[in-house]
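Trainee: Got a minute to go through the charged pairs in this one?
Mentor: Yes, put it up.

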Amino acid sequence: MKSICIDGFNLALAKGSGIATYGRNLLTNAQAIGLGTQVLYGPGAPYRKNPVLNEIALIDAAKGKSQPWLMRHAQIYGTRFGRAARPIRPTGEVIWPRAAGGMPKADFFWTSRDLFRQANAAFARHRTFTPLGFDGQGAGGAVEQAPDVMHWTAPLPLEAKGVPNIYTIHDLIPLRLPHTTLDNKAAFLAQCRRIARRADHIAVVSEKTREDVIRLLDVSEDRVTNTYQSVSVPPELAERSQTDVARELEGVFGLGWKSYFLYFGAIEPKKNLGRIVEAYLASGVDSPLVVIGGRAWLEQGETALMTQIKASESIVASKLLPYEYMPFAMLVSLIRGAKATLFPSLYEGFGLPVLESMALDTAVLTSTGGSLPEVAGDAALVVDPYDVPAITRGIRALDADEALRDDLVAKGRVQAAKFSPEIYQARLRELYAKVGA
């Protein structure tokens, strides 16, 4: 059986991320097409003889002892000459945290101590990618086979030795909308150009990103494949009765079924939350606005108006309901019970909240930013993300017109079906066939 390995850089985050969701979906669908799956981690703890301790290191919240300055810098210097990963088989003894999605669907894991931090530091200083080898000798004498393909789920300054390397580029927002990120733009461009030269293949998640990669990174069209993304909500969440979900929303949040608007995603400039809140307040609708999003970067401007209104303790303030984090099961309930999802982002490489909302029978307001028209098709209200009055009109229309919402829900089901797991799996087969898997 052929196998792929993906990096666990985002999978290791305590609260997950959009790229972590992409990675988990990638593993699930790779298994569905008959590929073995592996995940590469870079924990702070060293490799040990005890398999349980090795598995614990992948998810341990406790931080190890910091290393002396000279040793740390020597390791960063040496990293650029190569690192090795060792295998870890799940022991069945360690309970993985569900908040981040639980144990990834992988046959086994690879680990290399502090790999991602040191590789990033080595690239920042020396502009070199770290070569990575796979040492299959595991704790307890088990021997594991290296993957047939290394699939990096985001641009990382690493390359696996002896196997094809695929890199997924979700977007080039640091170059297209530089004011919305804190990235070192010169370093980001240098890293992407290195990937453009050396990658065996580049995967993207929309035609818009494919066009950006081909144009800005000067990559030939035959080296870039658009797989889009897929969304698959567990049946036990997607098929819960409306009555049960409505009771949960009333009991936990005091919200009625289809009685509120919803935004969910990171809080950062490109997500356009500042204009969403401004348009919502200007609309004068009575339906509350639930905002779910962890603070990211440059978020003060995005949350300033909402923070001021909340501090006023006015009647309007009571209609703004911000939450920094929401467990996945409860988020699914909130999406299902929303009158509409508001997602008029400035620019997206894909826009997963649009697809997730459509798949869960919720109307969507989105924008012309980046790939969003590709994902939304004719199944959403699409507005100029910089036009606050246009967003306001869209909110009013969705609030007042039940027939409009019903029409968008029906069209949304059809649109979401275009991104089904089966269609995604066919695209993955095409992608991996291009590098011999």
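Mentor: What follows is about salt bridges and where their residues sit.
Mentor: This is a predicted model, where local features need pLDDT of at least 70, side-chain atom pairs count only at pLDDT 80 or more, and totals for chains, interfaces and linings use all residues. Residues are numbered from 1 along each chain as its sequence is written, and side-chain values use heavy atoms, with hydrogens and water left out.

Trainee: How many salt bridges does the count come to?
Mentor: The count is 15, a salt bridge being a side-chain nitrogen of Lys or Arg within 4 Å of a carboxyl oxygen of Asp or Glu.

Trainee: Which residue does Arg-86 form a salt bridge with?
Mentor: Asp-135, with the closest N and O atoms 3.8 Å apart. Arg-86 is in strand 3 (residues 83-88) and Asp-135 in the loop between strand 5 (130-134) and strand 6 (149-152), 49 residues apart. Strands (E, at least two residues) and helices (H or I, at least four) are DSSP runs numbered from the N terminus.

Trainee: Is Arg-86 buried or partly exposed?
Mentor: Partly exposed, at 26% relative accessibility. Buried means under 20% relative accessible area, exposed over 50%, and partly exposed in between (1.4 Å probe, protein chains only). Asp-135 is also partly exposed, at 33%.

Trainee: And what about Lys-270 and Asp-171?
Mentor: They form a salt bridge, with the closest N and O atoms 4.0 Å apart. Lys-270 lies in the loop between strand 11 (261-264) and helix 10 (273-283), and Asp-171 in the loop between strand 8 (165-168) and helix 5 (173-176), so the pair ties together parts 99 residues apart in sequence. Lys-270 is buried, at 10%.

Trainee: Which residues are linked with those two in a network?
Mentor: Lys-271 and Glu-348 are linked with Asp-171 and Lys-270 in a network of salt bridges.
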